[in-house]
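Biologist: I'm new to this one. Could you put it up on screen and take my questions as they come?

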Amino acid sequence: MLLKIEKAFDKFADIIGYITAFTMVLMILNVFYDVIMRYFFNTGSIAMQEMEWHLFSVIILLGISYTLKEDGHVRVDLIYDRLTDKKKAIINMVGVFTFILPIALLIGIGSIDYVIEAYTSNEQSGDPGGLTNRWIVKSLIPLSFFLLIITSVGFFFKNLNIYKGLHQYNESGLKSEIDHLRQDIQDHKHNIEEGDKK
């Protein structure tokens, strides 16, 4: 049951990840267009330039939730890496309730008035030809932190499952890649030895 709950939250976070990846492609195309227009045609659009940081904001704000699901946030902790899976899971579960949820609620609820103010004042770019309806991009601030609340619940269940021994902690990063390379080398050596015996 707990594993099914974890998988449901993971699927939700994956959808956020797909949206973020699609937005990244749009931003790359936008930057490509701006560079071509500026350096080859000596022209440009203020709206398209502003769209770059709007899309970048979407990537950062939505990417927070997906990165939590992948446990990809930066850790500056020499002790954590040496701990057992159960101890890592305990730290992560405590971290969800101590840090992630309170901060996400504080920013999520606190930024709603900020969005309403931008909507009622019809906030737009101060530059001529800039983007209008700034409330749209600002509305992503509360939305992204409410999505973070949802994915942090999934992150809690993932660590609860690790604590209960239902699955192991998936290590990411360089150490995981090195372990995979070592295993590939050993498999390759084994195949060569088997070939020599034949």
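Biologist: Is Pro-128 buried or exposed?
Modeller: Keep in mind that we're looking at a predicted model. Pro-128 sits in the loop between H4 and H5. The cut-off for exposed is over 50% relative accessible area. At 68% relative accessibility, Pro-128 therefore counts as exposed.

Biologist: How far apart in space are Pro-128 and Ile-46, C-alpha to C-alpha?
Modeller: Along the sequence, 82 residues separate Pro-128 from Ile-46. In space, C-alpha to C-alpha, the two are 7.8 Å apart.

Biologist: What about Ser-121: what is the separation between its C-alpha atom and that of Trp-135?
Modeller: Ser-121 is another residue of the loop between H4 and H5, and with a relative accessible area of 48% it is partly exposed. Trp-135 comes 14 residues away along the chain. The C-alpha atoms of Ser-121 and Trp-135 are separated by 9.3 Å.

Biologist: Still in that loop, what is phi of Asn-122?
Modeller: Most residues other than glycine have a negative phi. Asn-122, in the loop between H4 and H5, is partly exposed at 44% relative accessible area. Asn-122 isn't a glycine, yet its phi is positive, at about 55°.

Biologist: Which residue just after H1 takes a positive phi?
Modeller: Look in the loop between helix H1 (2-40) and helix H2 (46-69). The residue there is exposed, with a relative accessible area of 73%. Its phi is near 55°, and it isn't a glycine. The residue is Asn-42.

Biologist: Let's zoom out. How many helices and strands are there in the chain?
Modeller: Start at the N terminus and read off the elements: they run α-α-α-α-α-α-α. That makes seven helices and zero strands.

Biologist: What radius of gyration does the chain have, against that of a compact globule?
Modeller: The C-alpha trace spans about 75 × 45 × 30 Å along its principal axes. A compact globule of 198 residues would come out near 16 Å. The chain itself has a radius of gyration of 23 Å.

Biologist: What share of the 198 residues is buried?
Modeller: On the outside, the accessible surface comes to about 13400 Å², with 65% of it belonging to carbon and sulfur atoms. As for the inside, buried residues make up 31% of the 198.

Biologist: On to H1. How far does H1 reach from its first C-alpha to its last?
Modeller: H1 has 39 residues. At 1.5 Å a residue, the expected reach is 57 Å. The model comes close to that, at 56 Å.

Biologist: And which residues does Thr-23 of H1 touch, leaving out those up to four places away in sequence?
Modeller: Thr-23 lies in helix H1 and counts as buried, at 7% relative accessibility. What covers the buried residues of H1 includes H2 and H6. The residues Thr-23 touches are Leu-55, Val-58 and Ile-59.

Biologist: Where is the kink in H3 centred?
Modeller: H3 covers residues 85-110, and its 26 residues should span 38 Å at 1.5 Å a residue. Its end C-alpha atoms are 35 Å apart, which agrees. There's still a kink of about 40° in H3, and it is centred on Val-96.

Biologist: Which helices are included in what covers the buried residues of H3?
Modeller: The buried residues of H3 include Lys-88, Met-93, Val-96 and Ala-104. Their cover includes helix H4 (112-120) and helix H6 (140-163).

Biologist: Last topic, the largest nonpolar core. Where does its largest share come from?
Modeller: This core has 15 residues, and among those with the most contacts inside it are Leu-62, Ala-104 and Phe-145. H2, H3 and H6 each supply at least two of the core residues. The largest share, six residues, comes from H6.

Biologist: And which residues does Leu-62 touch, not counting those up to four places away in sequence?
Modeller: Leu-62 is one of the residues with the most contacts inside the core. Its partners across the chain are Ile-16, Ile-19, Thr-20, Leu-140, Ser-144 and Leu-147.

Notes:
Residues numbered from 1 in each chain as written. Predicted model: local features only at pLDDT ≥ 70, side-chain atom pairs only at ≥ 80, totals over all residues. Heavy atoms only, no water. Helix = DSSP H or I, 4+ residues; strand = E, 2+ residues; numbered from the N terminus. Expected span 1.5 Å × (residues − 1). Bend = angle between axes of the 7 residues up to and from the residue. Buried < 20%, exposed > 50% of the residue type's maximum accessible area, 1.4 Å probe, protein only. Contact = heavy atoms within 4.5 Å. Rg over C-alpha atoms; globule rule 2.2 N^0.38 Å. Areas by Shrake-Rupley, 256 points an atom, 1.4 Å probe, with all protein chains shown as cover. Core = buried A, V, L, I, M, F, W, Y, C linked by side-chain atoms within 4.5 Å.
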